[in-house]
2 protein chains.
Amino acid sequence: MAREKKIDMVILGLLFHEDLTGYDIKKRIDGAISFFWKGSFGNIYPSLKDMQTRKLIQSSDTSVGGREKITYHITEEGKEALKEWLNEDLAINELRYETLLKLFFSGAGSRKTALHNIENFEKQIKTDLELLKVYCKNLENNMKNEDHLYYYLTVTFGIDSYEAYLKWCTKAKKMLRLEAR
Amino acid sequence: MAREKKIDMVILGLLFHEDLTGYDIKKRIDGAISFFWKGSFGNIYPSLKDMQTRKLIQSSDTSVGGREKITYHITEEGKEALKEWLNEDLAINELRYETLLKLFFSGAGSRKTALHNIENFEKQIKTDLELLKVYCKNLENNMKNEDHLYYYLTVTFGIDSYEAYLKWCTKAKKMLRLEAR
DNA sequence: CCTAAATATATCAAAATGATATATCTGTGT
DNA sequence: ACACAGATATATCATTTTGATATATTTAGG
């Protein structure tokens, strides 16, 4: 059996709630989802075409004037495929943190470089954490349906782990400054 | 300027300390590094050939009997390239957590499925956390050089964040069980 | 002495990434 | 009325990564 293309599931998950264009899908992925998954035009558009031939989604032309616009709709087969994936036990969870990679190899550099890289990371995380907290507050005032609960849980995952990262940053910086070479 | 191939930096980082074969490199990457970065034969071997033509590394044939074996050694240019990368401010840090993706789309499934996916995640994390703690204990008894300090910091990053994940799992499971549909 | 596991290199299809090309529509300031 | 920046929208491409497989040799255990 061919390996499952994850972008397909992201798209099906989004189309489960509403009809969207490829461009809309990209915007949704760039929102809260981007904290734990990415997508690009380079895989969204091919996936849309492919899933249409596999009858998991249907397209309808909703062009306005000269502006081309193709809106996609999930089929029953598409909903089935999504549910099957949700029920599979396998889930691949991966970190790809270049900051940690650089830190690991900092023996080839200096304490100063290592500290600098951690400070950059800290800055990145603080910015993202602020954003997540805004999402969280908005959700708390508007937890009206099941989907909001799942959304809320992913946001709190982000907040909790980012807060742990920041605590680690403080510890790590202290160690790098104290333990004289 | 061509985009930087990250696998090159991983290999240079490893070769900075010792000469290695492609197979050795794969084994190193599959160790502690695998918690924050991955590598496969499919990009290790091509990278080795490419970096050799770019004079960042040198190869020497160390075959034993009929067994082919090519050992690589970092050059001064290679060391320079590694240091340059360490000194670049840019670092791409990405999470790719299929568990969170499934949780986010659990509206298409059920509370039961969502809970099941979190329990699977919890199991995965607990196993990995145990391993990280072993690494940590070994390091604490053997913190003799600068490299061990950097290694130790990446390991504590893993431990701290995984512990935060587990706390989140407990909270999330409670919410999913309490908040009746 | 057999065999399973580890060592070792290499390649390939499939998927993801990141950038770019092309064209249209919308809102803002002048 | 007009220019023009920015948002909307689809599409493609080279590069990189992933995951699997092919091939062959050596080592360790029963």
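A residue is taken as near a molecule or strand if one of its heavy atoms lies within 4 Å of it. By this criterion, 27 residues lie around DNA strand D, and A:Y45, A:K69, A:I70, B:G66 and B:R67 come nearest. The model is predicted, so to speak with its own thresholds: local features need pLDDT of at least 70, side-chain atom pairs count only at pLDDT 80 or more, and totals for chains, interfaces and linings use all residues. Residues are numbered from 1 along each chain as its sequence is written, chains are lettered from A and ligands numbered from 1 in the order in which they are written, and side-chain values use heavy atoms, with hydrogens and water left out.Sugar or phosphate supplies 70% of the atoms of DNA strand D within 4 Å of the protein, and bases supply the rest. Several polar contacts (pairs of N or O atoms within 3.5 Å; within protein, one must be able to donate a hydrogen and the other to accept it, and residues adjacent in sequence count only if both atoms are side-chain atoms) can be listed for this strand. A polar backbone atom of A:Y23 lies 2.9 Å from a phosphate oxygen of DNA strand D, and a side-chain N or O atom of A:K69 is likewise 2.9 Å from a phosphate oxygen of that strand. From chain B, a polar backbone atom of B:K6 is 3.3 Å from a phosphate oxygen of DNA strand D.

Helices (H or I, at least four residues) and strands (E, at least two) are DSSP runs, numbered from the N terminus. At least two residues of the surface near DNA strand D come from each of α2 (22-29) and α3 of chain A and α1 and α3 of chain B. This surface has six nonpolar, eight polar and 13 charged residues, where Ala, Val, Leu, Ile, Met, Phe, Trp, Tyr, Cys and Pro count as nonpolar, Asp, Glu, Lys and Arg as charged, and the others, Gly among them, as polar.

Turning to the other strand, DNA strand C is surrounded by 27 residues, the closest being A:G66, A:R67, B:Y45, B:R67 and B:I70. Of its atoms that come within 4 Å of the protein, 68% are sugar and phosphate. A backbone N or O atom of A:G66 is 2.6 Å from a phosphate oxygen of DNA strand C, while the side chain of B:Y45 places an N or O atom 2.8 Å from a phosphate oxygen. B:R67 addresses a base instead, with a polar side-chain atom 2.9 Å from a base oxygen of DNA strand C. The surface near DNA strand C comprises six nonpolar, eight polar and 13 charged residues.

Next comes helix packing. Axes are lines fitted to C-alpha atoms, for helices over the stretch in contact, and angles run from 0 to 180 degrees between N-to-C directions. In chain A, the axes of α1(A) and α3(A) are 10 Å apart at an angle of about 80 degrees. That makes the two helices roughly perpendicular (65 to 115 degrees; angles under 35 count as roughly parallel, over 145 as roughly antiparallel and the rest as oblique). Contact means heavy atoms within 4.5 Å, and A:I7, A:D8, A:I11 and A:L12 of α1(A) meet residues of α3(A) including A:I44, A:L48 and A:M51. In chain B, the axes of α1 (residues 6-15) and α2(B) come within 11 Å and cross at roughly 100 degrees, which makes α1(B) roughly perpendicular to α2(B). The contact of α1(B) with α2(B) has seven nonpolar, no polar and one charged residues.

Finally, the copies were superposed by least squares on the C-alpha atoms of residues with pLDDT of at least 70 in both. Chain B falls on chain A after a rotation of 180 degrees with 0.0 Å of shift along its axis (RMSD 0.0 Å). The two copies are thus related as by a two-fold rotation axis. In chain B, the C-alpha of B:L95 comes closest to the rotation axis, at 2.4 Å. The copies meet through the same surface, because 100% of the interface residues of chain B are also interface residues in chain A.
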